[in-house]
Amino acid sequence: MVPKLTLAAPHEAENQIELSLKQSFESLEPSLKPPFSLTIPKPDEYTQLNHAILHAILTQPQFAKTHIKHLHAVVTDGYATFVNLLLKIIHHLYPKLLGSVKNQLLWVTNEMVRVSGIGYDALLISLMRHIVGGDFSDDNLWLCTKLVTLLLDKWDSLLEEASHVLCSGLYVFLRVLADHCRLNGEKFESLKHLEVNFCVKIVREEFHLCLKIGRDFIRLLQDLVHVPEFKSIWKDLMLNPTRFNTLGFSSVSQIYCTRTSSRYALLRITPEMETQLRFLLTHVKFGHQKRHLMWFARKFLSELDKETVIVDIVRFICCAHHPPNEIIQSDVIPRWAVIGWLLTTFRRKNYIEANAKLALFYDWLFFDERMDNIMNIEPAILLMVHSIPQYVEMTNTLLEFLLLLLDNYDMEHKDIIVKGVSSAFRLLESKGVIQSLDVLTSCPTLSPSLKERLSKLLLSCGIGKLGSSKESLPVPIQPGQQMV
């Protein structure tokens, strides 16, 4: 009987990827033992042989070295076919793979990095996406350990051939370190030590890679300032940036003003989570979303510790899911409503709530319409405006948080932040995302002190009129269109 790759429920149909690998293995099993054929296979035979060898490596660890030698002997395309098969397995099957298969998957990934197989960089990045924030299971911690160890072991070759993998690794491990450093216990210490060493090595030795990430590098780093190694890095960033010996870098403001690519937000969302979120935000009608959201919560947010992933989801929705106009103008549930649900539904700890709001507003702080995308800031303004009729406390809370950021986030660069927030408000109004900022400054149910502070900000930047008596009310949410 051919060994299985996945653990599937009895009622589940066999996955087509696994089925094709199994069928190839069954067909070619006799030829997978030495002596190997010296005949050059035809294209279709070559593809089938790659399928068979991969299945054998994943299910026969005792013969894995023999099978990989077979692959090295027959490869004609720089391992592109083989790596592409690995990518499909990681993307579609990883959560269901048997433990022994996962172990072999990491082993053969290491081998692909060693031989510089075409596409090995995508392989590593795909595996990073399966590291789940807030998940302290043995399986998830094992994956963290394997990947950070691989990145350290292959440091020189990655730096030379695929430095973007190190950038991705830095983003991932800065983020998960924030979770791991809040825990004590022997089983976390060795992993935390590896993760800290990896992140510090990049920041201290290859700071130019941090600059490629952009402003979200600072957002993640500030969550680790209580860790001694990162406290010293933070101090140097703020007070002595020349310590990083990077040509052209002289101030943290340069990082603030660099937008982070959406591919980094994708790194903290598993493929399965991405699929469900994109389905929700593309096909589910506003007012009919409750059962879909409850299913999503049970699947991905049921454990209290996993609520830290809410921060990643908010950042993904703002930065990496930008629906086309036909979806925006349809009756599909809007992005702001899902974010509102995330902010109000869960029993969050204070730091999770603060980080989720920071993820929502972060691009506001340094917004520059010449390089930033209005879609990154749209959800926050729409959430504030649409919450006024029924959830005005949400509007008060978000607006207060934004104004606190304005005054306290970085006093040395407050001018940049004031300019960024003002530019965001100005563009949102001029592009018609909201009809008028009076909807906030003249709203009778909003906190008077918040309205006054907002009006002064807008007046100082030449937007709006201080003390306008015009009261502009938002269109109320229609019956059945609550956030939940």
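**View 1. The buried residues of helix α26 in this predicted model.** Look here for Leu450, Lys451, Leu454, Ser455, Leu457 and Leu458, the residues of α26 that are buried. Viewed down the helix axis, these buried residues fall within an arc of 160°, so they line one face of α26. A general point helps here: an α-helix has 3.6 residues a turn, so residues three or four places apart point the same way. On the other side of α26 you will find Pro448 and Ser460, which are exposed.

**View 2. What surrounds α26, and how far the helix reaches.** The cover over the buried residues of α26 includes α23 (392–408), α24 (414–430) and α25 (438–441). Helix α26 runs through residues 448–460, and at 1.5 Å a residue its 13 residues should span 18 Å. The C-alpha atoms at its ends are 18 Å apart, which agrees. Just after α26 comes Gly462, with a positive phi of about 75°.

**View 3. A cis peptide bond between Pro34 and Pro35.** Omega is about 0° for the bond joining these two prolines. To find your way, look for Pro35 in the loop between α1 (16–28) and α2 (43–59). In general, most peptide bonds are trans, and most residues other than glycine have a negative phi.

**View 4. Tyr79, a residue with a positive phi.** Tyr79 is not a glycine, yet its phi is about 75°. This tyrosine lies in the loop between α3 (64–74) and α4 (80–93). Its relative accessibility is 10%, so Tyr79 counts as buried.

**View 5. Asn245, exposed and with a positive phi.** Here phi is about 50°, although Asn245 is not a glycine. Asn245 sits in the loop between α13 (228–239) and α14 (253–256). With a relative accessible area of 71%, Asn245 is exposed.

Note on methods: Residues numbered from 1 in each chain as written. Predicted model: local features only at pLDDT ≥ 70, side-chain atom pairs only at ≥ 80, totals over all residues. Heavy atoms only, no water. Helix = DSSP H or I, 4+ residues; strand = E, 2+ residues; numbered from the N terminus. Expected span 1.5 Å × (residues − 1). Buried < 20%, exposed > 50% of the residue type's maximum accessible area, 1.4 Å probe, protein only. Arc of directions from axis to C-beta. Contact = heavy atoms within 4.5 Å.
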